[in-house]
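Here are some notes on the model you sent, set out point by point. They begin with burial and surface, go on to the overall fold, and end with one helix pair.

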Amino acid sequence: MVELLGGADIRELAARLEVVPTKKLGQNFVTDPNTIRRIVAAAKLTGSETVVEIGPGLGSLTLGLLEVASKVIAVEIDAKMAAALEATIAKRAPGKDFTLIHEDALRLMELPSKPDALVANLPYNISVPVLLHFLERFESINRGLVLVQAEVAHRLAAGPGSKVYGVPSAKLAWYADANLAGNVGRNVFWPAPNVDSALVYFVKRATPIGDEALRLKTFAVIDAAFSQRRKTLRQALADFAGSPTFAEELLNRAGVNPTLRGEALAINDFVAIARQVA
């Protein structure tokens, strides 16, 4: 039996640990057990997964995941919260398979076992970089759900032609198909953020697009294409290719119209350009 944390529990834990959530670490704790269960349900876990969670904080979502998942690996950078988390899990989810890693998620290179899924209330200030890092580093992750700022969620899930389609959208598309999975109100967080939040569900591509060398080239093309968003690809890729003329030649070889803008290109278009890079 797993006993989830409520708002009073979270505040009592924070007070005992002398933990004050900080904007620097992007910390906002979910205090409503029903919301936790809704988030876990949106992750579509079957019960057999090893789940990796980034930034568990005081353990609200961790406990919710332990109700369903076979195993949870939590990565926490904050020393005080990491020190208390194992005791919280032992008390409220006895017998569950739980591993805590006290480390910076952005620098993490190894995990004790291969995770099948990533589910996390991501720290707002590093949400996109840490998500991409984990998808790059831990190839066994085949699906996941992240809670992020609504603006970031819409960017991650956006498709070509959308006003919010950009670098995060295209880079996530290299790894997975992503969709919005619901909104989360401000009143269930402590402290309440001054922005809205939303869920993004993603499923990894069954067949990878390419190897690491192609990924690096593709990501470089994506960065260049959106570095000057209002310009055509011929102009936006000029520095990357060496000149507007070389950029146009590169685009023509890739079968991409040089007069388009980056926001019009799907991930396969960026890959086609990258394949033409020497």
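1. This is a predicted model, and the points below should be read with that in mind. Of the 278 residues in the protein, 52% are buried. The accessible surface comes to about 12700 Å², and carbon and sulfur atoms account for 50% of that area.

2. As to secondary structure, the protein has 12 helices and nine strands. Its radius of gyration is 20 Å, which is close to the 19 Å given by the globule rule for 278 residues, so the protein is as compact as a globular protein of that length. Taken along the principal axes, the box filled by the C-alpha atoms is roughly 65 × 35 × 30 Å.

3. On the range of the contacts, if one takes those between residues at least 6 apart in sequence, 71% join residues that are at least 24 apart.

4. One helix pair can be described in detail, namely helix α7, which covers residues 167-175, and helix α12, which covers residues 267-275; their axes come within 9 Å and cross at roughly 85°. Because crossing angles of 65 to 115 degrees count as roughly perpendicular, α7 is described as roughly perpendicular to α12.

5. Which residues make the contact between these two helices? From α7 they are Ala170, Ala173 and Trp174, and from α12 they are Ile267, Phe270 and Val271. By class, the residues of this contact of α7 with α12 comprise six nonpolar, with no polar and no charged residue among them.

Methods:
Residues numbered from 1 in each chain as written. Predicted model: local features only at pLDDT ≥ 70, side-chain atom pairs only at ≥ 80, totals over all residues. Heavy atoms only, no water. Axes fitted to C-alpha atoms, helices over the stretch in contact; angles between N-to-C directions. Helix = DSSP H or I, 4+ residues; strand = E, 2+ residues; numbered from the N terminus. Parallel < 35°, antiparallel > 145°, perpendicular 65-115°, else oblique. Contact = heavy atoms within 4.5 Å. Nonpolar A, V, L, I, M, F, W, Y, C, P; charged D, E, K, R; others polar. Rg over C-alpha atoms; globule rule 2.2 N^0.38 Å. Buried < 20%, exposed > 50% of the residue type's maximum accessible area, 1.4 Å probe, protein only. Areas by Shrake-Rupley, 256 points an atom, 1.4 Å probe, with all protein chains shown as cover.
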